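Open the model in your viewer and keep a selection box handy. We will go from one stop to the next, and each stop says what to pick and what you will find there.

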Amino acid sequence: MKRIALVVGHSEKSKGAYNDEMNVHEYYLNEALAKHTLNVMKIEKDLDPFLVYRKNGYSKLPGDINETNPDMIICFHHNASANKTVQGTETLYYHKAERSKEFAKEIQKNLVDVLDFRDRGLKPVDSEDRGGYVLKYTNAPCVLIEPYFISDNDGLIMGAAKQFECASAIAAAVKKVLDS
Ligand SMILES: [Zn+2]
């Protein structure tokens, strides 16, 4: 059984990006997609998925994740931009982590296939970059997904309608990397 940590980005107290026209907080979309992914992965007999919430603050998050002893880690986020016409899919990984890069490549490919938004590609990050702290200081292969921008109203509606397909796409990527 491979332990898959599904890390819900942000928290009830600090909800991340916000679309005020639609009154949608990023945190709830992160949690919804993580839960869909949990359910899809539970069906796979060789996967042991579980949710990780940010309970002790961001600075303790890498340690909290490492304590769960995962084999792979997915951090769930959604993107936002002041320019509300920007839309697309991107996946972040720590720039020196080759296994994480392989994992990021598979997830990115599958999410782009499902969502059909612009492929913004893989984003190699360093520890001081957005998401980089968790990506660097976790022990198992780790990616941070940004399936789509919630600042674009039309894209938000389309993306949120595809949560189940995105969850299946993420699970398929995990299986492919584990089998390789
Ligand atoms: Zn976020």
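**Stop one: a strand in the middle of things**

Select strand S5 (72-76): 5 of its 5 residues are buried, so the strand is largely enclosed by the rest of the structure. Buried here means under 20% relative accessible area, with exposed over 50% and partly exposed in between, using a 1.4 Å probe and protein chains only. Strands (E, at least two residues) and helices (H or I, at least four) are DSSP runs numbered from the N terminus.

Before moving on, note that this is a predicted model, in which local features need pLDDT of at least 70 and side-chain atom pairs count only at pLDDT 80 or more, while totals for chains, interfaces and linings use all residues. Residues are numbered from 1 along each chain as its sequence is written, and side-chain values use heavy atoms, leaving out hydrogens and water.

Show the side chains of S5: Met72, Ile74 and Phe76 point one way, Ile73 and Cys75 the other.

**Stop two: the neighbours and the sheet**

Add S1, which runs parallel to S5 and is joined to it by 5 bridges; alanine 5 stands opposite isoleucine 73. Now add strand S8 (residues 142-146), paired with S5 in the parallel sense over 4 bridges. There, isoleucine 73 has cysteine 142 as its bridge partner, and phenylalanine 76 has isoleucine 145.

Widen the selection to the open sheet of 6 strands, ordered S4-S1-S5-S8-S6-S7 with mixed pairing; two strands count as paired if DSSP finds at least two bridges between them. The edges are S4 (47-52) and S7 (119-125), each pairing on one side only.

**Stop three: a helix across the sheet**

Select helix H6 (residues 163-179), which lies across S1, S4, S5 and S8 and runs at about 155° to S5. Contact means heavy atoms within 4.5 Å; axes are lines fitted to C-alpha atoms, for helices over the stretch in contact, and angles run from 0 to 180 degrees between N-to-C directions.

**Stop four: the zinc ion**

Which protein atoms are the donors of the zinc ion? Pick His10 (NE2), Glu26 (OE) and His77 (ND1), lying 2.1 to 2.2 Å from the ion. Donors are N, O and S atoms within 2.8 Å of the metal (3.2 Å for Na, K and Ca); water is not among the atoms, so sites may look incomplete. Histidine 10 and histidine 77 sit in loops 67 residues apart. Histidine 10 counts as buried at 17% relative accessibility, and histidine 77 is buried at 11%.
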